[in-house]
Amino acid sequence: MAEIVLGIGSSHSPMLSTPHEDFAGHVDRDRARVPGFADLTREKAAWIGAELRPDVTQARHDATQAAIARLGATLAEAAVDTLVVIGDDQAEWFSPDGQPALCIYWGDTVDNLPPPVEKMAPSLRRAYWGFYGDGVNRTFPVDAALGRHLVQSLTRDHEFDVAHVRVQPRHSPFGHAWNFVHQRLMGARIRPIVPVLLNTYYPPNQPTPRRCYQLGRAIRQAVAAWPERRRVGVVASGGLSHFVVDEALDRHVLEILAKKDADAVAALPLPSLDSGSSEIRNWIAAAGAVEHLHMQLVDYVPCYRSEAGTGVGMAFAVWQ
């Protein structure tokens, strides 16, 4: 029978693939898109300067690169046959006007379909490689059999309403949540994946934290019921807090996931899971799927990048 033998949680922010000297470009984007940027700057004026010293931000960037390398090495050593990758589509295949709460792709392959780099926002161009490599389209294997089994089992046996996609949409790149796993965690050691698309960002049908944890548990049970001898890994792609770093929230989430405290997960306040911080839902679902394993926090790195405290709470974890 199939068995989940590994869990990985990883932030996937463009900051992780941006040279340290180019972080200022992300700050420019923050000023344009983060509500109340000026008010946040005034609130944090007394302490934020120490977080933005170049030696501090460089050390934190170096720490994130070391954490990614460790996750990649752990993934290679685990020798899994398949990875179930839980991420969130952000207007790549779907749009805010038509967004399933839960969708599974089970085509035989998936193309990353890199966009022309000149169409990317200027601040994102230096991070392009972390999602799209050298910009040449690549075809990646999908474990279609497991994907179909998950769709059927989650619907029939666990009463989840699962949308499914069998033929890849071609109007936009494959989602960055999954491309990051291919480019930064797998590298040359490609394994088939099953993309699980969880709506974290877009109201009104975002699953609650309780439902996300239940989904993870159901994925574990469905994998265990699959009559194939496979070593399966589960990856949470994204998070934690952004676009304003919330260290208290991040540390609380990591603590309750490590303790397997489903009640505390269910009690997470929904307003704390808005905007980019909504990707914490991906971690919650993955944690439910690997509840039988032990969580080890590889690193938590609060990567501040502006005087308003914008940035990303970068987190990296392994369950074995």
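**A walk through the chain, from one loop to the core**

Okay, let's start at a small spot: Leu-113 sits in the loop between strand E4 (109–111) and helix H5 (129–132). Keep in mind that we're looking at a predicted model. What's odd about the backbone at Leu-113? Its phi is positive, about 45 degrees, although Leu-113 is not a glycine. And is Leu-113 buried or exposed? It comes out at 18% relative accessibility, and the cut-off for buried is under 20%, so Leu-113 counts as buried.

There's another residue with that kind of backbone. Ser-275 is not a glycine either, and its phi is near 50 degrees, again a positive value. You'll find Ser-275 in the loop between helix H10 (262–266) and helix H11 (280–289). Ser-275 has 37% relative accessibility, so this residue counts as partly exposed.

Okay, let's zoom out. How many helices and strands does the protein chain have? Eleven helices and ten strands. The radius of gyration is 19 Å, and the globule rule gives 20 Å for 320 residues; those values are close, so the chain is as compact as a globular protein of that length. If you'd like dimensions, the C-alpha trace spans about 60 × 45 × 40 Å along its principal axes.

Now, what share of the 320 residues counts as buried? It's 58%. The accessible surface comes to about 12900 Å², and carbon and sulfur atoms hold 52% of that. On charges, we have 31 positive and 36 negative side chains, and the centres of those two sets lie 3 Å apart.

Here's one I like. Take the contacts in the chain with a separation of 6 or more: 85% of them are between residues 24 or more positions apart.

On to the inside. In soluble globular proteins, nonpolar side chains tend to be buried together. In this model, the largest nonpolar core has 54 residues, and Leu-150 and Trp-283 are the ones with the most contacts inside it. Which residues does Leu-150 touch, if we skip those up to four places away in sequence? They are Val-84, Ile-104, Val-194, Ile-219, Ala-222 and Val-223. Apart from that core lies another one, of 43 residues, including Ala-78, Leu-83, Tyr-132 and Phe-174.

Next up, helix H4, which covers residues 54–78, and Leu-75 is in it. Leu-75 has 7% relative accessibility, so it counts as buried. What is Leu-75 in contact with, leaving aside neighbours within four places in sequence? Its partners are Leu-6, Ile-8, Val-80, Leu-83, Leu-185 and Met-186. Look at Leu-185 in that list: along the chain, Leu-75 and Leu-185 are 110 residues apart, yet their C-alpha atoms are separated by 7.6 Å.

Right beside it in the numbering is Thr-74, also placed in helix H4. Thr-74 is buried as well, with a relative accessible area of 10%. With the same neighbours left aside, Thr-74 is in contact with Leu-6, Val-318 and Gln-320. Leu-6 shows up for Leu-75 and for Thr-74.

Leu-185 brings us to helix H7, residues 176–186. Eleven of its eleven residues are buried, so H7 is largely enclosed by the rest of the structure. The buried residues of H7 include His-176, Trp-178, Asn-179, His-182, Gln-183 and Arg-184, along with Leu-185 and Met-186. Just after H7 comes Gly-187, with a positive phi of about 65 degrees.

Now for the peptide bonds. Where are the cis ones I'd like to show you? One joins Pro-203 and Pro-204, with omega about 10 degrees. Pro-204 is in the loop between strand E7 (193–198) and helix H8 (209–224). Another cis bond runs from His-242 to Phe-243, and there omega is near 20 degrees. Phe-243 sits in a loop too, the one between strand E8 (231–237) and helix H9 (247–259).

Last stop: Glu-21, in the loop between strand E1 (3–10) and helix H1 (24–33). Glu-21 has 61% relative accessibility, so this one counts as exposed. How far is Glu-21 from Ala-38 in space, C-alpha to C-alpha? It's 24 Å, with their positions 17 residues apart in sequence. Put that beside Leu-75 and Leu-185, 110 residues apart along the chain with 7.6 Å between their C-alpha atoms.

Note on methods. Residues numbered from 1 in each chain as written. Predicted model: local features only at pLDDT ≥ 70, side-chain atom pairs only at ≥ 80, totals over all residues. Heavy atoms only, no water. Helix = DSSP H or I, 4+ residues; strand = E, 2+ residues; numbered from the N terminus. Rg over C-alpha atoms; globule rule 2.2 N^0.38 Å. Buried < 20%, exposed > 50% of the residue type's maximum accessible area, 1.4 Å probe, protein only. Contact = heavy atoms within 4.5 Å. Areas by Shrake-Rupley, 256 points an atom, 1.4 Å probe, with all protein chains shown as cover. Lys, Arg positive; Asp, Glu negative; His and termini not counted. Charge placed at Lys NZ, Arg CZ, Asp CG, Glu CD. Core = buried A, V, L, I, M, F, W, Y, C linked by side-chain atoms within 4.5 Å.
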